[in-house]
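Please look through the sequence and the model shown here, and then read the report on a helix pair and two hairpins that follows.

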Amino acid sequence: MTKTDLYTLIENVQPNICQIAAYRGGKKVYSDEWNRYKPDDCTHVMSATKSIVALLIGIAIDQGLIKSIDDKVLAYFPDYSVKRGEKTIYDITIKHLLTMRAPYKCKGDPWTKVCTSEDWTKASLDFLGGRKGLTNEFNYQTVCLHILTGLLYQASKMATVDYANKYLFEPIRIKNRTHYYAKTAEEHKHFTLCKEPKEGVWFGDPMQIATPGYGLCLSAEDKVLDVLIEQAMKQVDAAKEIPGFHMIEKLGSGGMGHVWLVEETKTGQRMALKLMRAWETANETQQDLFLREAHYACQLDHKNIVRHYECGQSGDK
C-alpha cells in the first residue's frame, strides 16, 4: 500500500482514524495524523480501556494486593449491604467480571442510575447478581464494570489513575494520565462521543475511581501493548541469565517476587529460586527485607518448612 492509497482508504472508508504510528525494531518508521490531530493529542479509546484495567488487576495480583481472580467480589467490599433476597452476588468472582460472565439485574447498561449516583461502585454493586444465578453466559457490560476499579481501590487504597501511573504507565515510559470528572450529563456525553482531540486523561467518578469500561485517552505514540510485550520478553530473558542456574519454568508470584523452578548447572539438582521484581530491586528498604527474610529462613531446619540454601545478588537481581 502506498501513502496515497492509505490516505484514500482513510478518507473514504475509515474517516474515524485520527493517528497512526508504525514501529519496526523499536524505532518509529512512519506516523501521521488526520482530523486536526497533532502527534501528542490523545483520543478516547473507548472499550479498549477494559484491556488496560485487566492489566492493572494482573499487576495487583502480582503485587499480592489481590490474591486471585477466583476471589469473591464481595470479599473486597466488607461494608457493602447486600439487598434483601439477593443470593447470587455472594458467588460472583473477579474472573466473572473480567470475562463478562457476571450476571446483572438490568438489561443493557444502567448509565443514568450509576452515573448520577454519588458512589458509582456501590450503584454498580446494586445491579450485580439476580435470580437466574450464575449461568456462565456472556453478558457484555460497560458501566457496571465500575466494580473492578472500585475493587482495585479497595485493594490498593490508591486512585485508579495514580495506581496506573505508578505501576503501568511510568515503568513503560508513557506519560502520566490525570483524572477527569464530568459534572453534567451533557459534559459526560460530549466526552464519550466527541471525536475531537483530548488531553491525557482518564474519565472517572467523583471519588477519583476511573471508569474501567471506557474513559481512557491515549495517543498513537502510547504504544502500550508493544512496550508491554517488549518489557515482558526482557524480564523473561533476564530471568534466564542467573549465573549457575538453568531456569525451567515460573512456578508463581507473591507479594515481593517470582518463584522459578531451576536446575543448578553444576549438580543438576532442581530447586526453587525466588527473584525480586524489577520495581522492588530499586527500593533499598525492600531489598533489605528480602535479604533479611532469606537470612532467617536459612537458619530454619524442619520437615514442614522449605529448606533455604543461600541468597545473594546477581547484577540488578
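Is the crossing of H2 and H6 left-handed or right-handed? The crossing of H2 and H6 is left-handed, a term used if the near helix is turned anticlockwise from the far one by less than a right angle, and right-handed if clockwise. This is a predicted model, in which local features need pLDDT of at least 70 and side-chain atom pairs count only at pLDDT 80 or more, while totals for chains, interfaces and linings use all residues. Residues are numbered from 1 along each chain as its sequence is written, and side-chain values use heavy atoms, with hydrogens and water left out.

Helix H2 (residues 49-62) packs against helix H6 (residues 146-156) at an angle of about 30 degrees, and their axes lie 11 Å apart. H2 and H6 are therefore roughly parallel to each other, since angles under 35 degrees count as such. Val 53, Leu 56, Ile 57 and Ala 60 of H2 make the contact with Leu 148, Thr 149 and Leu 152 of H6, where contact means heavy atoms within 4.5 Å.

The two hairpins are set out below; strands pair if DSSP finds at least two bridges between them, and strands are DSSP runs (E, at least two residues) numbered from the N terminus, as are helices (H or I, at least four).

| Antiparallel strands | Bridges | Opposite residues |
|---|---|---|
| S1 (residues 19-24) and S2 (residues 27-33) | six bridges | Arg 24 and Lys 27 |
| S8 (residues 257-264) and S9 (residues 270-276) | seven bridges | His 258 and Leu 275 |

Between S1 and S2 there are two residues, and Gly 25 in this hairpin takes a positive phi near 65 degrees. The hairpin of S8 and S9 has five residues between the strands, with Gly 268 at a positive phi near 80 degrees.

Conventions:
Axes are lines fitted to C-alpha atoms, for helices over the stretch in contact, and angles run from 0 to 180 degrees between N-to-C directions. Angles under 35 degrees count as roughly parallel, over 145 as roughly antiparallel, 65 to 115 as roughly perpendicular and the rest as oblique.
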